[in-house]
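Q: Please take a close look at one part of this model, namely how its strands pair and what is packed around them. I would like one connected account, with the cut-offs stated.

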Amino acid sequence: MKQYDDLEKILISEEEIRTRVAELGRAITEDYRNAPEPIVLVCILKGSVVFYTDLMRQIDHDCRLDFMIVKSYGGGTESSGNVRFVKDLDDSITGKHAIIVEDIVDSGLTLTFLRKNLITRGAKTLKICTLLDKPMRRSPKSEISVDYCGFKIPNEFVVGYGLDFDEKYRNLPEVGVLKPEVYKNV
Ligand code: PRP
């Protein structure tokens, strides 16, 4: 792919992602084994879409799909924690088991907001599943803990497998580190 020219390196290969996503699916299946109710998988678009579609197929439980689009505003290039809903869930999650599925947790402020919001709506249980976690970047204002994490990664600019820079690279099958000159030139 032409887009590989913009990468400094591949950080996580397709094979590593596949193996880890299967492990996460097994862990979720096991944790909800005794729950008679379905799990609502809440996809936070757009970044998590690739992870979400792979993960759901590794969960051996009745799953329901729902989608949200949120935008963080007022914080420049970094998340501010002030979150605006562009698209809300289609269905009520009151009394349901929900898992928020994210591609990456950075400051943690988006999820701090979303978690509070979904708890207010009366979710029976609420967990957080992320493919990538950058613990070094966590804001002191973050109030979340990640229940399921694919990979803890260093503070590098990662793209691919759903993650973008300027809406590009989402379709790369791996997670790669972007060359600094690519994002510094914009
Ligand atoms: C990313 C990611 C999270 C958020 C994490 O979304 O999907 O929602 O940022 O950042 P935080 O932990 O600092 O709050 P982004 O705004 O890039 O939108 P996208 O998913 O459409 O790419």
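A: **Strand pairing, from one edge to the other**

In strand 4, the residue that serves as bridge partner to I69 is K87, strands being DSSP runs of E with at least two residues, and helices runs of H or I with at least four, numbered from the N terminus. The model is a predicted one, in which local features need pLDDT of at least 70 and side-chain atom pairs count only at pLDDT 80 or more, while totals for chains, interfaces and linings use all residues. Residues are numbered from 1 along each chain as its sequence is written, and side-chain values use heavy atoms, with hydrogens and water left out.

The link between I69 and K87 belongs to the antiparallel pairing of strand 3 with strand 4 (residues 83–87), which is made by 4 bridges; two strands pair if DSSP finds at least two bridges between them. Strand 3 (residues 63–72) is also joined to strand 2 (residues 39–45), by 7 bridges and in the parallel sense, and here L65 of strand 3 stands opposite L41. Between these two strands comes helix 2 (residues 49–56), and strand 2, helix 2 and strand 3 together make a β-α-β unit that is right-handed, a term meaning that the path over the helix runs clockwise when the strands point away from the viewer.

A further parallel pair is formed by strand 5 (residues 97–105) and strand 6 (residues 125–133), over 8 bridges, with T130 in strand 6 as the bridge partner of E102. Taken as a whole, the open sheet has 6 strands in the order 4-3-2-5-6-7, with mixed pairing. Its edges are strand 4 and strand 7 (148–152), each of which pairs on one side only, and from one strand to the next the twist averages 30 degrees.

Two helices lie across this sheet. Helix 1 (residues 14–31) crosses strand 2, strand 5, strand 6 and strand 7, and runs at about 160 degrees to strand 7, whereas helix 2 lies across strand 2, strand 3, strand 5 and strand 6, at about 160 degrees to strand 2. Contact means heavy atoms within 4.5 Å, and angles run from 0 to 180 degrees between N-to-C directions of axes fitted to C-alpha atoms, for helices over the stretch in contact.

As for cysteines, the structure has 0 disulfides, a disulfide being a pair of cysteine sulfur atoms within 2.5 Å. C43 is in none, and the nearest cysteine sulfur, in C129, is 11 Å away; C43 is buried, at a relative accessible area of 0%, where buried means under 20%, exposed over 50% and partly exposed in between (1.4 Å probe, protein chains only).
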